[in-house]
Amino acid sequence: MTGGTADLQGRPWLQGRPCIMGILNVTPDSFSDGGTHVDVPGALAHARRLWQEGADILDIGAESTRPGAAAVPVAEELRRLLPVLEAVRSEIPLPVSVDTRKAPVMRAAHALGAVLVNDVSALCYDPEALPTVASLGMDVCLMHMRGEPQTMQSQTGYRDLAGEVRDFLAGRVAACRAAGLPRDAIVVDPGIGFAKTDGGNLELLRHLDRLRDLGQPVLLGVSRKGFIGRVTGTPEPARRDGGSVAAMLWAHARGMADIYRVHDVGAARQALRIWDALAGTETGNMG
Ligand code: HH2
């Protein structure tokens, strides 16, 4: 079984049904899978598995953005990322996204065939990031957060969380449009777990529909996040896939997201298929 929709100009979220982004972290310290896929053979084996289990796109990241994580120098991020990206691109027929905040990493990843920049700072961290994405013609995922991964959990107070997230993303979409990015190239993400309390994450998930009037595809990243661990009493991130699937289906049942960023692609794909079979909304791609 493969997700395998590598056409649509590398934009599987335009296929008319929600798609799955499989996470490939090539970091020693990611909160859930740090250190497990850092060497090229290990990373490639994991990418193969994500593809076979039904991913539509792979998101490769070489800098952890978990709460408290320190920034990684460009040279080190490139050293971790590029050999894996090259190997994945030579074997796996899926579009690849690069999870980075840095323009030089965006440029190097583009040269190796990455089509989407997934920037948790919504192109705010590096002043060169927005002109770089625009000049390379890459797609972008703009995520809401405040501050830096190291400090973000001290900035969790909001008057109207969903409204403020929406307004921030509207401003970033406008900045991208002004820099020349076409509307189809822009995805937005509420940033679950980034500068939000546990209650804030739940509130944002309840009101995700408020992002819909932006008119952009919505990416949702709930997989194994800390709030799932705290709400369910599951300290080990790798044991949070049940809660991750539940949060994903909450959004899917309400049509509130277009891309689900997940660690366990097989579980996510199964859950979406069964939900759609029950709801009568499956599109014939029954694998
Ligand atoms: N979450 C993480 C990293 N990148 N990108 C988007 N667009 N949305 C997210 O919710 C998101 C993201 C954190 O998860 P993970 O990659 O598993 O961990 P780490 O940052 O520790 O590598």
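How close do the axes of helix α1 and helix α2 come, and at what angle do they cross? Before I answer, let me say that what we have here is a predicted model, and that I will go through three helix pairs, then one residue ahead of the first strand, and then the ligand.

So, to the opening question: the axes of α1, which covers residues 40-52, and α2, which covers residues 74-91, come within 9 Å and cross at roughly 40°. Angles under 35 degrees would count as roughly parallel, and the crossing here therefore makes α1 oblique to α2. The crossing in which α1 passes α2 is right-handed. If you look at the side of α1 that takes part, you will find V40, A43, L44, A47 and R48, and these meet P83, V84, A87, V88 and E91 in α2. Sorted by class, the residues of this contact come out as eight nonpolar, no polar and two charged.

The next pair is helix α3, residues 103-111, with helix α4, residues 129-136, whose axes come within 9 Å and cross at roughly 15°. With that angle under the cut-off of 35 degrees, α3 and α4 are therefore roughly parallel to each other. Here again we have a right-handed crossing, as α3 passes α4. On the α3 side the contact is made by A103, M106, R107 and H110, while α4 brings A129, T132, V133 and L136. In this contact of α3 with α4 there are five nonpolar residues, two polar ones and one charged one.

The third pair lies further along the chain numbering, where helix α8, residues 241-253, packs with helix α9, residues 265-279, at an angle of about 40°, the axes being 10 Å apart. That makes α8 oblique to α9, and α8 passes α9 in a right-handed crossing. From α8 the contributing residues are V245, M248, L249, H252 and A253, and from α9 they are A267, A268, A271, L272, W275 and D276. The contact of α8 with α9 divides into nine nonpolar residues, one polar and one charged.

Please keep H252 of α8 in mind, since it is part of that helix contact and is also in contact with P18. Where does P18 lie? P18 sits in the segment before β1, the strand covering 19-25. The C-alpha atoms of P18 and I259 are separated by 5.5 Å, although these two residues are 241 residues apart along the chain. Leaving aside neighbours within four places in sequence, P18 is in contact with A257, D258 and Y260 as well as with H252.

Finally, the ligand. Which of the 18 residues around the ligand come nearest? They are S30, S64, N118, D189 and K225. For N118, a polar side-chain atom lies 2.7 Å from a nitrogen atom of the ligand. A polar side-chain atom of N25, in turn, lies 3.3 Å from an oxygen atom of the ligand. With G221, by contrast, it is a backbone N or O atom that is placed 3.4 Å from an oxygen atom of the ligand.

Notes:
Residues numbered from 1 in each chain as written. Predicted model: local features only at pLDDT ≥ 70, side-chain atom pairs only at ≥ 80, totals over all residues. Heavy atoms only, no water. Axes fitted to C-alpha atoms, helices over the stretch in contact; angles between N-to-C directions. Helix = DSSP H or I, 4+ residues; strand = E, 2+ residues; numbered from the N terminus. Parallel < 35°, antiparallel > 145°, perpendicular 65-115°, else oblique. Left-handed = near helix turned anticlockwise from the far one by under 90°. Contact = heavy atoms within 4.5 Å. Nonpolar A, V, L, I, M, F, W, Y, C, P; charged D, E, K, R; others polar. Near = heavy atom within 4 Å. Polar contact = N/O pair within 3.5 Å; in protein donor to acceptor, adjacent residues only side chain to side chain.
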